[in-house]
Amino acid sequence: MLKLIRLEWRKINLRQYVFGALAACFAVTGFLFFMLYIDREQFAASSTDFLFLIDSITRMVFIVFSGVLISKLVIEEYNDKTITLMFTYPISRKKIIISKLLIIIGFTFFSMLLSRIFAAFVLSMLNSNLGFIDGDITIPMLIEHFRNTILYDLSASGVSLVPLFFGMLKKSVRTTIITSVIIAIFFGVSNEDLSVGSFIGIPVTLSLIGIVASYLSIKNIEHKDIS
């Protein structure tokens, strides 16, 4: 499996996705700063509101980003028949697709986590001079928050594979993206008080949903015609 992942990793033009993730990270940070700074007179966000906004918006953005990755690395390869070459290898088709999905999960997870960390630290530094957040944002507070919510990044990365199931039904890029947007909205309206310590069953359940959806997408792939 590791050899397959390395093979797929070399085949992917990773630079464009890294640039895309960086652009998304900067866009999220800029959007949050604009939103919090403009509304500072009417509504000064608390530290809880601040962290909730970072978490929810970042996860929404990268769940959709994951949908784009699924479309590029899986759905479009079916549509363009470029995946046919890999399916001629003496390797299980399931393993080939799973290697792609592991790359997508890993890339989404680390992009999501690092973007949250970047946005939180940059905005907290700006807040120390501009004062658009009600209350102090300390480094220990941020570290504790990320430690308590990292499992939600993993669950969001897992559930972001659900669009694969719907996209594979008709090999549709549009269906894949629309499904990822719907899932992103679901995460965006999640309860701000949820944390790993209080509701560990929720991220585990969401991760299982992503795993089950992925399995249903590829369970008969060995016998299905590529078209």
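1. Let's start with the chemistry of the cavity wall. In this predicted model, the lining of the largest cavity is made up of eight nonpolar residues, with no polar and no charged ones. You can find them in the structure above as I12, L14, Y17, L69, L73, I103, I104 and F107.

2. Which elements give two or more residues to this lining? They are α2 (14–38), α3 (47–79) and α5 (93–130). The largest share, three residues, comes from α5.

3. How many cavities of 30 Å³ or more does the structure hold? There is one, and the volume of the largest cavity is about 50 Å³. As background, rolling a probe the size of a water molecule over the atoms shows where empty space is left.

4. Now turn to the helices, beginning with α2 and α5. Their axes come within 9 Å and cross at roughly 35°. The crossing of α2 past α5 is right-handed. On the α2 side, the contact is made by L14, Y17, V18, A21, C25, F26, T29, L32, F33 and Y37. Facing them from α5 are F107, S111, S115, F118, A119, V122, L123, L126 and L130. Sorted by class, the residues of this contact are 16 nonpolar and three polar, with no charged ones. Try spotting L14, Y17 and F107 here: they belong to this contact and also to the cavity lining.

5. Next, look at α2 with α3. These two helices pack at an angle of about 150°, and their axes are 10 Å apart. Why is α2 called roughly antiparallel to α3? Angles over 145 degrees count as roughly antiparallel, so the angle of about 150° puts this pair in that group. As it passes α3, α2 makes a right-handed crossing.

6. Which residues make the contact between α2 and α3? From α2 come Y17, G20, A21, A24, C25, V28, F31, L32, M35 and L36. From α3 come F50, L53, I54, I57, T58, V61, F62, F65, L69, K72 and L73. The classes here are 18 nonpolar, two polar and one charged. Y17, L69 and L73 are worth finding on screen, as they take part in this contact and also line the largest cavity.

7. One last stop is a backbone detail away from the cavity topic. Where is K171 found? It sits in the loop between α7 (162–170) and α8 (173–188). The phi of K171 is near 50°, a positive value in a residue other than glycine.

Note on methods
Residues are numbered from 1 along each chain as its sequence is written. This is a predicted model: local features need pLDDT of at least 70, side-chain atom pairs count only at pLDDT 80 or more; totals for chains, interfaces and linings use all residues. Side-chain values use heavy atoms; hydrogens and water are left out. On a 1 Å grid over the protein atoms alone, a cavity is a set of points where a 1.4 Å probe fits but cannot get out, and a pocket is an open set with protein on both sides within 12 Å along at least five of seven lines; lining residues have an atom within 4 Å of a point. Grid points are joined across faces, edges and corners, and a volume is the space filled by probe spheres set on the points. Helices (H or I, at least four residues) and strands (E, at least two) are DSSP runs, numbered from the N terminus. Ala, Val, Leu, Ile, Met, Phe, Trp, Tyr, Cys and Pro count as nonpolar, Asp, Glu, Lys and Arg as charged, and the others, Gly among them, as polar. Axes are lines fitted to C-alpha atoms, for helices over the stretch in contact, and angles run from 0 to 180 degrees between N-to-C directions. A crossing is left-handed if the near helix is turned anticlockwise from the far one by less than a right angle, and right-handed if clockwise. Contact means heavy atoms within 4.5 Å. Angles under 35 degrees count as roughly parallel, over 145 as roughly antiparallel, 65 to 115 as roughly perpendicular and the rest as oblique.
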